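Biologist: Before I use the labels attached to this model, I would like to see each one set against its criterion. Please go through them in turn.

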Amino acid sequence: QVQLVESGGGLVQAGGSLRLSCAASGRTFSRYAMGWFRQAPGKERESVAAIARSTGSTYYADSVKGRFTISRDNAKNTVYLQMNSLKPEDTAVYYCAAAPTVATMKGGYWGQGTQVTVSS
């Protein structure tokens with residue numbers, strides 16, 4: 001069982017930056033691939049970024065490549081999402097997820113979400 005708690009969301013102007021954090025409970029954080037998803041009003045939840053558990057390989061949605069960076073600190077049981085050059089279309093609830101592999105992320109553990117609002 002893994003419990004995830006996101007933080008760091010808020011209101012920011014277009015072009016600004018935010019860093020989301022996701023703190024995980026338990027002693028097995030390093031065994032999980034971690035990911036960030038988002039869901040905007042009226043839209044389906046979509047994958048934003050993911051990081052593998054062992055290799056640290058990262059994956060990004062095309063819409064955020066070059067602007068967002070996912071990273072993890074296994075000593076702190078925390079995964080981060082640094083978001084730069086934010087756009088109004090990045091407005092959504094952002095969710096953290098954990099699973100044994102990146103491919104199985106949607107069926108893994110989820111946090112409660114944190115709201116990110118980007119004003120134009």
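Modeller: The charged end of arginine 72 sits over the ring of phenylalanine 29, 4.7 Å from its centre.

Biologist: What makes arginine 72 count as sitting over the ring of phenylalanine 29?

Modeller: The term requires NZ of Lys or CZ of Arg within 6 Å of the ring centre and within 35 degrees of the ring normal. The distance for arginine 72 is 4.7 Å, so the distance condition is met. Arginine 45 likewise lies over the face of tryptophan 110, at 4.6 Å from the ring centre.

Biologist: What are these values based on?

Modeller: The model is predicted: local features need pLDDT of at least 70 and side-chain atom pairs pLDDT 80 or more, whereas totals for chains, interfaces and linings use all residues. Side-chain values use heavy atoms, without hydrogens and water, and residues are numbered from 1 along each chain as its sequence is written.

Biologist: Why are tyrosine 95 and tryptophan 110 called an edge-to-face aromatic pair?

Modeller: Rings of Phe, Tyr and Trp (its six-membered ring) pair if their centres lie within 6.5 Å; planes under 30 degrees apart are stacked, over 60 edge-to-face, and the rest tilted. For tyrosine 95 and tryptophan 110 the values are 6.4 Å centre to centre and 75° between the planes, so both conditions hold. Tyrosine 95 is in strand S9 (residues 92–99) and tryptophan 110 in strand S10 (residues 109–110), 15 residues apart; strands are DSSP runs of E, at least two residues, numbered from the N terminus. A search of the whole structure finds three aromatic pairs, and ring pairs link Phe37, Tyr95 and Trp110 into a cluster.

Biologist: Are the two residues of that pair, tyrosine 95 and tryptophan 110, buried or partly exposed?

Modeller: Buried means under 20% relative accessible area, exposed over 50%, and partly exposed in between, with a 1.4 Å probe and protein chains only. Tyrosine 95, at 15%, is therefore buried, and tryptophan 110, at 26%, is partly exposed. Alanine 97, in strand S9, has 0% and so is buried.

Biologist: How do you know that there is a cavity of 30 Å³ or more?

Modeller: On a 1 Å grid over the protein atoms alone, a cavity is a set of points where a 1.4 Å probe fits but cannot get out, and lining residues have an atom within 4 Å of a point. The search of the whole structure finds one cavity of 30 Å³ or more, and about 30 Å³ of space lies in the largest cavity. Its lining consists of Val2, Ala24, Ser25, Thr28, Phe29, Tyr32 and Met34.

Biologist: What makes up the largest nonpolar core?

Modeller: A nonpolar core is a set of buried Ala, Val, Leu, Ile, Met, Phe, Trp, Tyr and Cys residues joined through side-chain atoms within 4.5 Å. The largest has 29 residues, of which Met34, Trp36, Val79, Leu81, Met83 and Tyr94 touch the most other members. A second, separate core of six residues includes Ala33, Ala50, Ala99 and Met105.

Biologist: Why does the phi of asparagine 77 get a mention?

Modeller: Most residues other than glycine have a negative phi. Phi of asparagine 77 is near 50°, a positive value. This residue lies in the loop between S7 and S8 and, at 17% relative accessibility, counts as buried. Serine 85 also has a phi near 50°; serine 85 is in the loop between S8 and S9 and, at 42%, is partly exposed.

Note on methods: Helix = DSSP H or I, 4+ residues; strand = E, 2+ residues; numbered from the N terminus. 1 Å grid on protein atoms, 1.4 Å probe; cavity = no way out; pocket = protein on both sides within 12 Å on 5 of 7 lines; lining within 4 Å. Points joined across faces, edges and corners; volume = space filled by probe spheres on them.
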